[in-house]
Structures are given as C-alpha cells and as structure tokens.
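Hi,

Here is the structure we talked about. Have a look at it first, and my notes follow below.

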Amino acid sequence: MTDMLRGIVAYPVTPFSDEGGIDERAFRRVTENLLRSKPAAIAFLGSAGESAYLTEEEWRHGARLGVETVAGRTPVIVGIAELTTAAAVAKARFASEIGANMLMVIPVSYWKLTEAEIFDHYAAITAATDLPIMAYNNPGTSGVDMSPEFLVRLVRELPTVRFIKESSGDLNRMHAIHRLSNGTIPFYNGANHMALEAIAAGASGWCTAAPNLLDDRPARLFELVQAGDIARARALFYDILPVLRFIVFGGLPTTVKAGLALRGLAAGAPRPPLKPLVEAERRKLADYLAALKVEPIPA
C-alpha cells in the first residue's frame with residue numbers, strides 16, 4: 001500500500017476540547033477534511049499535531065483514532081519523535097498493533113548524537129516492527145541534522161527504512177539523495193516554500209499541513225508538475241505561497257487551527273506554551289484564504 005507513495009502526505013492538527021483533552025468529533029472532522037484533499041497518505045502526530053505536547057495516553061488515543069477514522073481509505077503514517085530509543089520502539093510497536101501502514105521517524109536530540117547512535121536508534125525500531133519507515137530530517141525542530149550520505153545509508157542498510165523526508169530547506173540535499181541512490185530512493189519534500197522546485201527535482205511527494213486550509217490545491221500542484229505543465233504549476237504555487245509561508249513562520253498548530261476556525265471547524269487552541277494566533281495575524285490569514293476563495297469545511 002505504501003510502496004508507491006506518490007503525492008501529498010497531509011498532516012492533521014490534534015484538536016483539543018475546552019476541557020483540555022482531545023476533541024474526538026473535531027479530530028474526525030479534521031481527518032475527513034484531509035481525506036477530501038486527495039492525499040497519498042495522512043500522517044498523524046507530527047509537529048502540526050502537537051505530538052511533543054501530548055501525554056502518552058493522548059498520543060495512543062490520537063494514533064488509534066486516526067487509524068479508525070481513515071478506515072483504510074488512504075495509508076496512515078504515524079509520526080514518532082522521541083528522545084529515547086525505548087520510547088520510540090514502544091510507539092512503533094503500538095502503531096503496528098493498531099493497524100498503521102507506515103512510520104515517520106525523526107530522531108530528537110538533547111545531547112548531540114553521533115551517526116552511530118542515530119543508526120542504532122533506527123535499527124532498534126526496524127527490529128521491533130516490520131512497518132516501512134520514512135527517515136525524517138528536520139534539524140530546525142529536532143536538533144539532529146542527518147546528511148544525505150547518512151540518510152541513503154539508512155535506507156541501504158536497514159531493510160524497512162525505505163523513504164526519506166528532507167525538511168532542511170536545502171534543495172541541494174535532495175539532489176544529493178537522488179545522485180547517491182541513482183534515483184532509486186523515494187524522497188519527500190517537507191519545506192513548504194520549496195514545493196515547486198522539489199517536485200520538479202523529482203521528489204516523490206510533499207509532506208505538508210497545507211491541505212487543512214488549501215484543500216486539493218497542493219495535490220493539483222503535484223499533478224501539474226508531474227504532467228509537465230510547469231506554467232500552470234508555477235501560477236498555482238505563487239497563488240498559494242502566501243498561505244504556505246504564513247502557516248510555517250507562524251507555527252503550524254497555531255496557524256492551522258486558526259485557519260480551520262475561519263473555515264468553520266473549531267479545533268481548539270494550541271496547547272501552552274503555544275498561544276492562539278493574535279487578532280492582527282488572524283485577519284491576515286483570513287484575507288489570504290478569502291483571496292483564494294477557500295470554502296467552509298462541510299459539517
């Protein structure tokens with residue numbers, strides 16, 4: 001189901017109720033909205049999903065709820081970002097038990113990790129479950145920067161590490177992954193502002209929270225580039241670029257939840273220390289969405 005993962009990997013937020021826990025009804029609405037956006041997969045419990053701010057019980061609840069809501073309509077990816085290998089292995093096993101299709105694993109560092117330590121972290125996860133793994137590099141959030149050479153080594157030497165997500169914002173790294181692997185390793189763009197260039201450079205997909213607010217526009221961008229219609233792809237990209245930049249620079253949970261509220265889906269506030277979007281920024285986002293004629297989300 002995930003061997004030919006091509007297109008948009010969509011990231012949901014995790015809605016919270018006024019009482020502070022996960023809002024199941026809103027969670028299901030967020031997921032259904034993403035399913036309408038033509039995703040190649042949905043990746044729960046990433047940075048947009050505030051996974052770093054969830055309790056262990058909430059994380060498991062969110063993972064199970066995601067698998068249940070999608071109900072086989074598209075592959076489900078579960079994000080794992082843990083300081084300890086033991087915690088990462090436990091979550092990988094749980095994801096496998098509940099029927100997830102794939103893992104997206106990013107090593108998180110307090111102490112600077114060596115490549116040997118990172119390799120063994122991934123190796124322990126591959127030994128714990130046979131789920132395919134996307135190795136995720138995002139030095140800006142994780143404190144770990146994996147080189148293209150090391151990422152390619154992970155895929156070559158660990159049997160279930162099959163994909164690479166590159167979010168450093170450096171297109172040259174994607175070129176390096178392609179060159180080092182002779183084009184055999186699927187890589188995915190995780191930097192919104194690079195989507196056009198990355199897809200044109202051969203990225204198999206784009207991992208993004210943008211479909212929460214932009215519906216199938218990211219999928220259409222991917223399809224246009226794949227079809228060689230660069231002129232229309234460029235026009236669409238520049239239309240949506242203000243929103244793409246806004247949600248990243250303003251913080252994904254904060255901005256996406258504000259945008260969902262503007263579309264009629266109350267997903268609650270982000271969890272402290274994150275704060276809701278200030279009014280001036282909310283109006284700016286409302287203007288961006290109005291300019292794109294983004295419609296309300298069906299009830």
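Two strands count as paired if DSSP finds at least two bridges between them, and the strands (E, at least two residues) and helices (H or I, at least four) are DSSP runs numbered from the N terminus. Please note that this is a predicted model, where local features need pLDDT of at least 70, side-chain atom pairs count only at pLDDT 80 or more, and totals for chains, interfaces and linings use all residues. Residues are numbered from 1 along each chain as its sequence is written, and side-chain values use heavy atoms, with hydrogens and water left out.

First, the barrel. Its 8 strands run S1-S2-S3-S4-S5-S6-S7-S8, closed and with parallel pairing. Strand S1 (residues 7-10) is joined to S8 by 4 bridges, and Val9 has Cys207 in S8 as its bridge partner. Helix H4 (residues 115-128) packs on the sheet and touches S4, S5 and S6 (contact means heavy atoms within 4.5 Å).

Now the pocket. The largest one holds about 1,100 Å³ (a pocket is an open set of points on a 1 Å grid over the protein atoms alone, where a 1.4 Å probe fits, with protein on both sides within 12 Å along at least five of seven lines; lining residues have an atom within 4 Å of a point; the volume is the space filled by probe spheres set on the points, which are joined across faces, edges and corners). Its lining has 47 residues, with Ser47, Ala48, Tyr136, Asn138 and Thr141 nearest the centre. H11 gives the most to this lining, with 4 residues.

Best wishes

Note on methods. Axes are lines fitted to C-alpha atoms, for helices over the stretch in contact, and angles run from 0 to 180 degrees between N-to-C directions.
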